[in-house]
Amino acid sequence: MDEEYDVIVLGTGLTECILSGLLSVEGKKVLHMDRNDYYGGESASLNLSQLYRKFRNGMSPPEKFGRDRDYNVDLIPKFAMASGEFVNILYHTDVTRYLEFRQIAGSFVYRDGKIYKVPSSTQEALTSSLSGIFEKRYLKSFFEFIQAYDFTKPPSDSVNQGLDLNVNTMADVYKKFSLSAGTQDFIGHSLALHLDDSYMTEPARDTYERICLYMNSMARYGKSPYIYPVYGLGELPQGFARLSAIYGGTYMLQKKIDEIVMENGKVVGVKSDGETARAKAVIGDPSYFSDKVKKVGSVVRIICILNHTIPNTGDADSVQVVIPQNQVNRQHDIYVAAVSSAHSVCAKDYFVAIVSTIVETDRPEKECEPGLALLGPILEKFVDIQDLYEPVSDGKADGIYVSRSYDATSHFETTCNDVKDIYKRLTGNDLKVEGKVKKLDEAGNQE
């Protein structure tokens, strides 16, 4: 360990493992360490015994739930957009050779006390029961506008209908098409996947691009825009760890971090068990840098075990449901992510559903009730409340780059934004994930 590295990475959460893999592929000498004896950190997947050990003080799980090894329950549920940045990173790095993905069967939105399939095309908008007959006409016009909009043409051009999406806000766009508040909710929160309504007063281009991403992802496979790794999300950090190792990265688990070594205000290394690994840059999750992060909120996640599909989803074996904030008088959305034995995360005839949201009161579990109410009878539930942290500085001055905590969303796009942000601050370059990197075998030889 007493060596010089380009980068030292602390923690094997997904953000850290992606960065470790990307930097190793680019020829950087990377040392990756974790205090735990397992991969994943906060984004690990637990078997049934581990789940009960964590949330039930070591109690053994009931035999009725089946074999321990059949369970891989995510502590932080996330789905991947089929045409999103995360899938681009998987393809670029060829981590897909270590993983198998399955499609999530349905994408739904909550409105006026019911859940509806999210329409993502002009045709679906016309047949959806989500909106009335007059609203359907407006929604059809909106989708046609999104599909035809051309940034190379002036706002005055007929396809752009007088709107400049680099200047006009989404509130302007909604007003142009006379869309109701409920329809705005589903567009902004279920298609564009915004965390709150602040996007309404910002230029509409970002929302336009998010809607196009959802539509393109939906078109890729059909039923929903989301895919998910077989055996759970815990497979992802391990996949990127293998990638890093193939390209020369060094991994050390169960490695206690004694000290972040600084000289003249800059990081020069990490001390562990009397040895010092030297590097001019260190990446890590907030748990390693309590003095370099600030608390920005808390997230509550309730992991539920069911013996049935979620009602009103057409018996889908996996779903995402978004409950927009305005529908339940909140400041943040509620997310429901459900998977099943089809994804090798639980025993046959059982289902795992996780309800997540940002904490707004001193009764976090109660805040999840609108999501829990959609699930039907619940056999078992585990409540997990975690503080959310973000770095207080960009790391350029001292060479320490701290990742953000994982938010309540049930998709990877915000995690990818953090990866790209840290990558740019560290290297000075935008992360480009075009095409595949040259492929190496397990021995590090080009195939």
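Which residue with a positive phi follows α9? In this predicted model, that position is held by Gly-248, with phi near 100°. The helix before Gly-248 has 12 residues and reaches 17 Å from its first C-alpha to its last, close to the 16 Å expected at 1.5 Å a residue. Much of the description of α9 concerns burial: Leu-236, Pro-237, Gly-239, Phe-240, Ala-241, Leu-243, Ser-244 and Ile-246 are buried. The cover over these buried residues includes two helices, α1 and α3, together with the strands β7 (101-103), β10 (226-229) and β11 (250-252).

The protein as a whole contains 12 helices and 21 strands. Its radius of gyration is 23 Å, close to the 22 Å that the globule rule gives for 447 residues, so the protein is as compact as a globular protein of that length. The C-alpha trace spans about 70 × 60 × 50 Å along the principal axes. Of the 447 residues, 56% count as buried. Among contacts with a separation of 6 or more, 70% are made by residues 24 or more positions apart.

Ile-358, in strand β19, provides an example of an association between parts of the chain that are distant in sequence. Ile-358 and Ala-408 are separated by 50 residues in sequence, and their C-alpha atoms are 6.1 Å apart in space. Ala-408 is also one of the residues that Ile-358 touches when those up to four places away in sequence are not counted; the others are Ser-298, Val-299, Arg-330, His-332, Glu-367 and Leu-388. Because its relative accessibility is 17%, which lies under the 20% limit, Ile-358 counts as buried.

Empty space was examined next. Rolling a probe the size of a water molecule over the atoms shows where such space is left. The largest pocket has a volume of about 660 Å³. It is lined by 38 residues, of which Tyr-38, Gly-40, Gly-41, Glu-42 and Ala-44 are the closest to its centre. At least two lining residues come from each of α1 (14-25), β4 (45-46), α2 (48-55), α9 (235-246) and β20 (380-391). The largest share, four residues, is supplied by β20. By class, the lining of the largest pocket comprises 11 nonpolar, 16 polar and 11 charged residues. Helix α9 is thus present in this lining and also carries the buried residues listed above.

The second largest pocket holds about 570 Å³ of space. Its lining consists of 25 residues, and those closest to the centre are Ala-192, Asp-206, Arg-210, Glu-413 and Asn-417. Three helices, α3 (85-93), α8 (205-221) and α12 (413-427), each supply at least two residues of this lining. Helix α12 gives the most, with five residues. The lining of the second largest pocket divides into eight nonpolar, eight polar and nine charged residues.

Enclosed space was also found, with four cavities of 30 Å³ or more in the whole structure. The largest cavity has a volume of about 70 Å³. Residues that line the largest cavity include Asn-72, Val-73, Asp-74, Pro-77, Lys-78, Phe-79 and Tyr-228, as well as Ala-337, Val-339, Val-345, Val-352 and Ile-354. Strands β5 (73-74), β18 (334-340) and β19 (351-358) each contribute at least two residues to this lining. Nine of the lining residues of the largest cavity are nonpolar, one is polar and two are charged. Strand β19 therefore appears both in the lining of this cavity and as the strand that holds Ile-358.

Backbone geometry was considered last. Most residues other than glycine have a negative phi. Asp-94, although not a glycine, has a positive phi of about 65°. This residue lies in the loop between α3 and β7, two of the elements that help to cover the buried residues of α9. Asp-94 counts as buried, at 5% relative accessibility. Asn-264 likewise has a positive phi, near 55°, in a residue other than glycine. Asn-264 is placed in the loop between β12 (259-263) and β13 (266-272). With a relative accessible area of 83%, Asn-264 is exposed, whereas Asp-94 is buried.

Methods. Residues are numbered from 1 along each chain as its sequence is written. This is a predicted model: local features need pLDDT of at least 70, side-chain atom pairs count only at pLDDT 80 or more; totals for chains, interfaces and linings use all residues. Side-chain values use heavy atoms; hydrogens and water are left out. On a 1 Å grid over the protein atoms alone, a cavity is a set of points where a 1.4 Å probe fits but cannot get out, and a pocket is an open set with protein on both sides within 12 Å along at least five of seven lines; lining residues have an atom within 4 Å of a point. Grid points are joined across faces, edges and corners, and a volume is the space filled by probe spheres set on the points. Ala, Val, Leu, Ile, Met, Phe, Trp, Tyr, Cys and Pro count as nonpolar, Asp, Glu, Lys and Arg as charged, and the others, Gly among them, as polar. The expected span of a helix is 1.5 Å times one less than its number of residues. Buried means under 20% relative accessible area, exposed over 50%, partly exposed in between (1.4 Å probe, protein chains only). Contact means heavy atoms within 4.5 Å. The radius of gyration is taken over C-alpha atoms; the globule rule is 2.2 Å times the number of residues to the power 0.38.
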